[in-house]
Amino acid sequence: MAQTIDGTAIAAALVAGVAEDAAKFSAETGSVPTLAVILVGNDPASEIYVNRKLAQTRKAGMRSLEQLNDDPSVHGILVQLPLPGHIDAGAILDAIDPLKDVDGFHPVNVGRLSTGTGGLVPCTPLGCMRLLETVIEDFRGLKAVVIGKSNIVGKPVALLLLERECTVEVTHIFTRGLPDIVRTADIVVVAAGSPGLVRGDWVKSGAVVIDVGINRITDGDRTRVVGDAVFSEMAHARAVTPVPGGVGPMTIACLLENTMRAAWKLQAEGRSAAPGAAKLLPPAKSVTVSVSNLLVEANIGLYAHEKGRLQRLNLHVTVKILPPRRDQIDQTIDYNAIMTIANEVAATHTTLIETFAMQVAKRCLDLDRVIEAEVAVEKPAALPNGVAATRVVMASKDR
Ligand code: NAD
């Protein structure tokens with residue numbers, strides 16, 4: 001019998017954790033984590049009203065969005081979609097400060113997700129991953145099939161699975177031979193909005209099925225909500241999410257989690273304050289962390305005597321970070337974090353010493369709160385006109 005992944009209980013535990021974090025945030029900062037929800041034209045039947053108010057709504061919407069972006073007492077901004085047809089949803093979403101974009105739809109956050117460089121992740125895909133994490137320990141090498149390629153579920157969930165080193169196949173309405181593709185999956189995430197699409201014989205024994213679909217169907221005079229997979233046919237799966245009570249409750253829990261993430265980040269950047277504060281806090285002073293004489297072995301160099309040979313590189317890394325919370329200083333950056341980065345880069349880059357230094361600096365900047373990275377690399381030997389040492393300083397652009 002397949003395990004039913006209890007989204008309601010998992011979401012409740014997540015919300016309880018977020019509540020604790022929120023209390024800690026308030027105690028430490030004197031500010032309450034705040035989510036602003038923008039509703040436009042909440043009476044879609046009233047076309048005339050919407051039309052008449054359109055110009056004003058758009059203007060006011062944008063203006064108040066700017067105010068919310070700048071307001072240090074607001075940590076998350078959510079625009080309730082869909083917007084009335086006349087309003088350009090893209091323009092509105094683009095106007096949200098990416099640091100406050102708790103829905104993760106801003107192009108900056110989409111880009112960060114696709115490059116695996118942090119940022120805020122859309123709530124439903126995040127919820128799917130949280131549910132999968134309760135039954136799967138190691139994602140590496142698992143075959144994942146995602147059904148649906150929407151920007152809010154299919155694509156981001158595929159990227160998150162890819163980031164966890166799954167082999168991902170994204171499918172959609174025009175995909176040929178969908179049942180056979182699904183049969184290859186260890187993980188099936190279905191977000192198609194097609195009731196009962198995934199049948200039991202599409203799913204291989206022991207697979208995990210995450211059903212994102214929410215479909216209202218009428219049964220005689222009753223209406224009920226069903227998913228995109230036929231739950232009753234999934235007994236041979238390892239685990240399956242029910243609808244309702246699976247992914248749905250996780251979406252709101254992840255929204256709260258994202259709001260907390262945004263609040264801590266804004267706080268770290270001196271952009272959070274209690275309501276009524278007249279000004280933004282002054283920019284936080286940075287802290288410098290330095291690690292010297294890291295020895296890394298890498299296959300780096302252009303000359304014949306360098307090629308195909310492991311070289312022992314000596315690395316000195318200095319990073320400037322925005323002050324973390326006292327209890328987080330060790331997690332922010334330390335010897336081990338830099339060593340891990342340096343080793344990963346050394347394992348994948350067999351090019352020039354400058355490229356190596358730049359890659360290490362770039363990866364340091366990906367770490368939370370790092371605003372500047374300086375990397376010096378020394379190589380024990382090079383031809384007379386070859387490079388034996390280099391130094392790179394890179395500053396974060398978006399902070
Ligand atoms: P969408 O309509 O934007 O995208 C649907 C995708 O599924 C498309 O890429 C389409 O090509 C594909 N698709 C549709 N029918 C298919 C079929 N028969 N075979 C293969 N692919 C098919 O939808 P969306 O916004 O991604 O939402 C998908 C479903 O997830 C909906 O039921 C929606 O209500 C639900 N949803 C649930 C939550 C939640 O919190 N649980 C959140 C968002 C969406």
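## Confidence in the model

The mean pLDDT of the protein, where pLDDT is the predictor's confidence in each residue from 0 to 100, is 83, and 83% of its residues reach 70 or more. Over residues 42-63 the pLDDT is below 50, and this stretch has 12 contacts in the model beyond near neighbours in sequence, a contact being two residues whose C-beta atoms, placed from the backbone, lie within 7 Å. Residues 277-283 also have a pLDDT below 50, with 9 contacts beyond near neighbours in sequence.

This is a predicted model, in which local features need pLDDT of at least 70 and side-chain atom pairs count only at pLDDT 80 or more, while totals for chains, interfaces and linings use all residues. Residues are numbered from 1 along each chain as its sequence is written.

## The nonpolar core

The largest nonpolar core (a set of buried Ala, Val, Leu, Ile, Met, Phe, Trp, Tyr and Cys residues joined through C-beta atoms within 7 Å) has 98 residues, and those with the most contacts inside it include I187, V188, V209 and V360. Its largest share, 12 residues, comes from helix α8, which covers residues 247-268; helices (H or I, at least four residues) and strands (E, at least two) are DSSP runs, numbered from the N terminus.

Not counting residues up to four places away in sequence, V209 touches V188, V203, A229, M234, A237, V240 and T241.

## Strand β6 and its partners

In a regular strand the side chains alternate between the two faces of the sheet. From strand β6 (residues 187-190), I187 and V189 point one way and V188 and V190 the other, and all are buried, a residue being buried if 20 or more other C-beta atoms lie within 10 Å of its own, exposed if 12 or fewer, and partly exposed in between, with C-beta atoms placed from the backbone.

Strand β4 (residues 143-147) pairs with β6 in the parallel sense over 4 bridges, where pairing requires that DSSP finds at least two bridges between two strands, and A144 stands opposite I187. Strand β7 (residues 208-211) is also joined to β6 by 4 bridges and runs parallel to it, with D211 in β7 as the bridge partner of V190.

## The antiparallel sheet

An open sheet is formed by 4 strands in the order β11-β12-β13-β14, with antiparallel pairing. Because β11 (287-298) and β14 (389-395) stand at the edges, each with a single partner strand, one side of each is left without a neighbour in the sheet. Strands β12 (residues 311-321) and β13 (residues 370-378) are joined by 8 bridges, and V319 stands opposite A373 in β13.
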